[in-house]
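Subject: Structure for your review

Dear colleague,

Please find the sequence and structure below. A description of the findings follows, for your consideration.

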Amino acid sequence: MDTFFAWFNNVWPRVLGAALILLIGWYLTNLIGKISHRAMLSKKVDTGSVTFFNSLIKVLLRIIIIITALAQFIDVTSIVTAIGAASVTAGLALKDSLSNVASGALIIFTHPFRVGDYLLVEGKQGVEGTVKRIEIMYTTLATFDNKEVVVPNSSLTGSTIKNFSAMETRRLDLNYSVTQSQDIAPAKQILQSIVEGNEKVLRTPEPLIAVGQYKDGYIKIVVKVWCKYNDYMPLYYEMQEAVKLAFDTQGIASTFSELEAS
C-alpha cells in the first residue's frame, strides 16, 4: 500500500494536469473556431473556405492539445520522434484520407463550385444536390428532397461535375408532339402566346419555337426558352400545365415528352 500511495501521489498531479489541458484545450478550440468563423464571415470570405479552414484549424489545435496532454506522462521529444517515424506508415495507410484533404484544399483554392451551388456529380455515385458544407475530407450536399449526402472530396475532384448554379441564366428545352395530320400553325401560335405571357421567360436570348422532328406519326415542336437559374423548375411546371390546358381547349391532340436537361 505504501508503494501504491507513493505512486499515486506522484501520478495524480499529472493526470489532473492532462485532464485540465484536455478540457480547457477543447473549450478554447471550440471558442477559437467560433471566433475565426465570425471573423472570416465578417470579411466576406467564401462560405466553403470558412467551413474548410474552420475544420482544419480545429483538427490541428486538437492534435496539439492531445500531444501536450500526453507530454504529462511521456517525453515530448519521444512523441515527436515516434510521430515522425510513423508518418510514412500512416501516410500509406491513410492515403485515401490524405487524398481527400488534398482534394478539399484544391476545391477551396480553385473554386469549381461554392456553398449554395446545385451540383450533379456524374459517375458511379451519380449524386446531386445543393452544397451545404466543404470540410477537410468531405463535402456535404442536400438533395432535392432534403436528404444529406456526404461525398469524399477526392470523388468530387475525380469526377465530372455539372454545376447548375454557375451561370445566372439557363435554357429550358421542352418538346411537344402533335399528330402529322394536325395543323401545326395553331399549336405554334398557342405555344408562342404562352411563352410571351410568362414573365419568367427572358426576352434575350430570343425564345425559339420550331418544328424539330418527324417520328412515329408525330411532329415534334421544340420550345427553347431562357430564364433565370432560380426560375428553371417553376417555369417548367408552369409551361407544362399551361400548354396542356390550352391544347385541350383548342382540341389539339398532343403527347408530352420528358424534360431535356440543358
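A nonpolar patch lies on the surface, formed by Trp-12, Leu-16, Leu-20, Leu-23, Ile-24, Tyr-27, Leu-28, Leu-31, Ile-32 and Ile-35, which together have about 970 Å² of accessible area. Please note that the model is a predicted one. One member of the patch, Leu-31, belongs to helix H1, which covers residues 2-42. Leu-31 counts as partly exposed because its relative accessibility is 35%.

The UniProt record, an unreviewed entry, places the feature "transmembrane region" at residues 12-29 and 50-70. In the model, residues 12-29 are 100% helix and 0% strand, with 25 Å between the end C-alpha atoms. Residues 50-70 are likewise 100% helix and 0% strand, and there the end C-alpha atoms lie 30 Å apart.

Nonpolar cores

The largest nonpolar core contains 24 residues, and Tyr-176, Leu-191, Val-223, Met-239 and Phe-247 have the most contacts inside it. Strand E6 (169-179), helix H6 (184-197), strand E8 (218-228) and helix H7 (232-250) are the elements that each give two or more residues to this core. Helix H7 supplies the largest share, 7 residues. There is also a second, separate core of 13 residues, with Phe-52, Phe-113, Leu-141 and Val-151 among them.

Strands E6, E7 and E8

Strands E6 and E8 pair in the antiparallel sense over 11 bridges. Within this pairing, Asn-175 has Val-222 in E8 as its bridge partner. Strand E8 is also joined to E7, again antiparallel, by 7 bridges. Here Ile-209 stands opposite Val-223 in E8, and Val-223 is one of the residues with the most contacts inside the largest core. E7 and E8 form a hairpin with 2 residues between the strands, in which Asp-216 takes a positive phi near 50°.

The E6 and E8 strands are further connected through side chains: Asp-173 and Lys-224 meet in a salt bridge at 3.5 Å, N to O. This pair links distant parts of the chain, with Asp-173 in E6 and Lys-224 in E8, 51 residues apart. Are the two partners buried or exposed? Asp-173 counts as buried because its relative accessibility is 4%, under the 20% cut-off. Lys-224, at 22% relative accessibility, counts as partly exposed.

Strands E3 and E4

Strand E3 (residues 138-142) runs antiparallel to E4, and 5 bridges join them. Leu-141 stands opposite Val-149 in E4. In a regular strand the side chains alternate between the two faces of the sheet. Strand E4 (residues 148-152) shows such alternation: Val-149 and Val-151 point to one face and are buried, whereas Glu-148, Val-150 and Pro-152 point to the other and are not. Both Leu-141 and Val-151 belong to the second core.

The two strands form a hairpin with 5 residues between them, and Asn-146 in the turn has a positive phi of about 65°. Asn-146 is not a glycine. Asn-146 is exposed, with a relative accessible area of 66%.

Other salt bridges

The count of salt bridges comes to 8. Glu-148 of strand E4 is linked with Arg-133 and Glu-135 in a network of salt bridges. In that network, the side chains of Glu-135 and Arg-133 meet at 3.9 Å, N to O. Glu-135 is partly exposed, with a relative accessible area of 29%, and Arg-133 is partly exposed as well, at 30%.

Lys-200 forms a salt bridge with Glu-238, with the closest N and O atoms 2.8 Å apart. Lys-200 lies in the loop between H6 and E7 and Glu-238 in helix H7, so the pair ties together parts that are 38 residues apart in sequence. Lys-200 is partly exposed at 24% relative accessibility, and Glu-238 is partly exposed at 32%.

Backbone features in loops

Two further loop positions may be of interest to you. A cis peptide bond joins Thr-204 and Pro-205, with omega at about -5°. Pro-205 is found in the loop between H6 and strand E7 (208-215). His-111, although not a glycine, has a positive phi of about 55°. His-111 sits in the loop between helix H4 (95-110) and strand E1 (118-121), and at 30% relative accessibility it counts as partly exposed.

With kind regards

How values were computed. Residues numbered from 1 in each chain as written. Predicted model: local features only at pLDDT ≥ 70, side-chain atom pairs only at ≥ 80, totals over all residues. Heavy atoms only, no water. Buried < 20%, exposed > 50% of the residue type's maximum accessible area, 1.4 Å probe, protein only. Helix = DSSP H or I, 4+ residues; strand = E, 2+ residues; numbered from the N terminus. Pairing = 2+ DSSP bridges. UniProt positions renumbered as here; feature names shortened; annotations may be inferred. Core = buried A, V, L, I, M, F, W, Y, C linked by side-chain atoms within 4.5 Å. Patch = residues over 30% accessible without salt bridge, like charges linked within 9 Å, V, L, I, M, F, W, Y side chains within 5 Å. Areas by Shrake-Rupley, 256 points an atom, 1.4 Å probe, with all protein chains shown as cover. Salt bridge = Lys/Arg side-chain N within 4 Å of Asp/Glu carboxyl O.
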